[in-house]
Amino acid sequence: MTKSIFLSSYFEIQSTLLIVRELFVGASFDLTSRLYVKVKQGTPWNLSTRQLLDFSEDSLGFHLGCFLLQHNFEPQPKCEDHDIFHVLTGYKTDTAQEIALQFFLYGNGKRSPFLSLAMGAGYLLYPDQYATFKAAKVQGHLAPPVYDLDFKGLLHKPFKQLKSQFIN
């Protein structure tokens, strides 16, 4: 009986800590992404999800529009390429997968304080995801540089061609 109560309490505490971790990291990402948009260089694309869906069905633009629609997102000005990274790499939008995407970009050669912050949060708060992060970093290293491409100019290009060209 005592062992059962102990295990029940242990699992309750563990699940509560996981929820707190997600809330903390989610709030931190929200704050840092707002700051990142303010300091990021570049020109907004001024394209809505609806406009992206007007691209041909085999294009990167259309696939980006589908991704945004599926997640009920709109392109974030000056950060539109971030969602393209999700579309090309297949990383999802949950917290651990967002961090894995940052490891991919690090492996691919991108460097920024925000990327380092996300990776640090991953190391500290997601030890259960180390294998995923390591694999993402290796995948990014093996892929040709994609983090600094002008994706707006590639929106009309065939999605499958770009994916096979840039993501191993």
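Let's start with one residue: at 65% relative accessibility, Asn-46 counts as exposed. Asn-46 sits in the loop that runs between helix 1 (2-39) and helix 2 (49-52). Keep in mind that you're looking at a predicted model. The protein chain in it has eight helices and zero strands, and 38% of its 168 residues count as buried.

**The overall picture**

- If you read along the sequence, the protein chain goes α-α-α-α-α-α-α-α.
- Take the contacts in the protein chain with a separation of 6 or more: residues 24 or more positions apart account for 66% of them.

**Loop residues with a positive phi**

- Back to Asn-46 for a moment: its phi is near 55 degrees, which is a positive value in a residue other than glycine.
- Lys-78 isn't a glycine either, yet it has a positive phi of about 70 degrees.
- You'll find Lys-78 in the loop between helix 3 and helix 4.
- With a relative accessible area of 21%, Lys-78 is partly exposed, because buried means under 20%.

**Helix 4, tucked inside**

- Nine of the ten residues of helix 4 are buried, so the rest of the structure largely encloses this helix.
- Among those buried residues are Glu-80, Asp-83, Phe-85 and His-86.
- What lies over them? The cover on the buried residues of helix 4 includes helix 3, helix 5 and helix 8.
- Right after helix 4 comes Gly-90, and its phi is positive, near 85 degrees.

**Asp-81 and the second largest pocket**

- Asp-81 belongs to helix 4, and it counts as buried because its relative accessible area is 16%.
- Trp-45 is 36 residues away from Asp-81 along the chain, but the C-alpha atoms of the two are separated by 9.8 Å.
- Leaving aside neighbours within four places in sequence, Asp-81 is in contact with Lys-40, Trp-45, Tyr-147 and Phe-151.
- Asp-81 also helps line the second largest pocket: of the 13 lining residues, Lys-40, Thr-43, Trp-45, Lys-78 and Asp-81 lie nearest the centre.
- This second largest pocket has a volume of about 190 Å³.
- Sort its lining by class and you get four nonpolar, three polar and six charged residues.

**The largest nonpolar core**

- The largest nonpolar core has 32 residues, and the ones that touch the most other members are Leu-60, Leu-64, Ile-84, Leu-88, Phe-104, Phe-151 and Leu-155.
- At least two residues of this core come from each of helix 3 (60-70), helix 4 (80-89), helix 5 (95-107), helix 6 (113-125), helix 7 (130-142) and helix 8 (159-166).
- Which helix gives the most to this core? That's helix 5, with seven residues.
- Not counting residues up to four places away in sequence, Phe-104 touches Thr-89, Tyr-91, Ala-136, Lys-137, Gln-139, Gly-140, Ala-143, Val-146 and Ile-167.

**Gln-102 in helix 5**

- Gln-102 is found in helix 5, and at 12% relative accessibility it counts as buried.
- What does Gln-102 touch, not counting residues up to four places away in sequence? The answer is His-82, Leu-115, Ala-118 and Met-119.

**Rings that pair up**

- The count of aromatic pairs comes to six.
- In one pair, the rings of Phe-103 and Tyr-123 have their centres 5.2 Å apart and their planes at 85 degrees, so the pair is edge-to-face.
- This pair links distant parts of the chain, with Phe-103 in helix 5 and Tyr-123 in helix 6, 20 residues apart.
- Are the two partners buried or exposed? Phe-103 counts as buried at 1% relative accessibility, while Tyr-123 counts as partly exposed at 42%.
- Phe-103 also forms an aromatic pair with Phe-133, and this one is stacked: 4.7 Å centre to centre, with 0 degrees between the planes.
- Here, too, distant parts of the chain are linked: Phe-103 is in helix 5 and Phe-133 is in helix 7, 30 residues apart.
- Both Phe-103 and Phe-133 are buried.
- Put the ring pairs together and they link Phe-103, Tyr-123, Tyr-130 and Phe-133 into a cluster.

Methods
Residues are numbered from 1 along each chain as its sequence is written. This is a predicted model: local features need pLDDT of at least 70, side-chain atom pairs count only at pLDDT 80 or more; totals for chains, interfaces and linings use all residues. Side-chain values use heavy atoms; hydrogens and water are left out. A nonpolar core is a set of buried Ala, Val, Leu, Ile, Met, Phe, Trp, Tyr and Cys residues joined through side-chain atoms within 4.5 Å. Buried means under 20% relative accessible area, exposed over 50%, partly exposed in between (1.4 Å probe, protein chains only). Helices (H or I, at least four residues) and strands (E, at least two) are DSSP runs, numbered from the N terminus. Contact means heavy atoms within 4.5 Å. On a 1 Å grid over the protein atoms alone, a cavity is a set of points where a 1.4 Å probe fits but cannot get out, and a pocket is an open set with protein on both sides within 12 Å along at least five of seven lines; lining residues have an atom within 4 Å of a point. Grid points are joined across faces, edges and corners, and a volume is the space filled by probe spheres set on the points. Ala, Val, Leu, Ile, Met, Phe, Trp, Tyr, Cys and Pro count as nonpolar, Asp, Glu, Lys and Arg as charged, and the others, Gly among them, as polar. Rings of Phe, Tyr and Trp (its six-membered ring) pair if their centres lie within 6.5 Å; planes under 30 degrees apart count as stacked, over 60 as edge-to-face and the rest as tilted.
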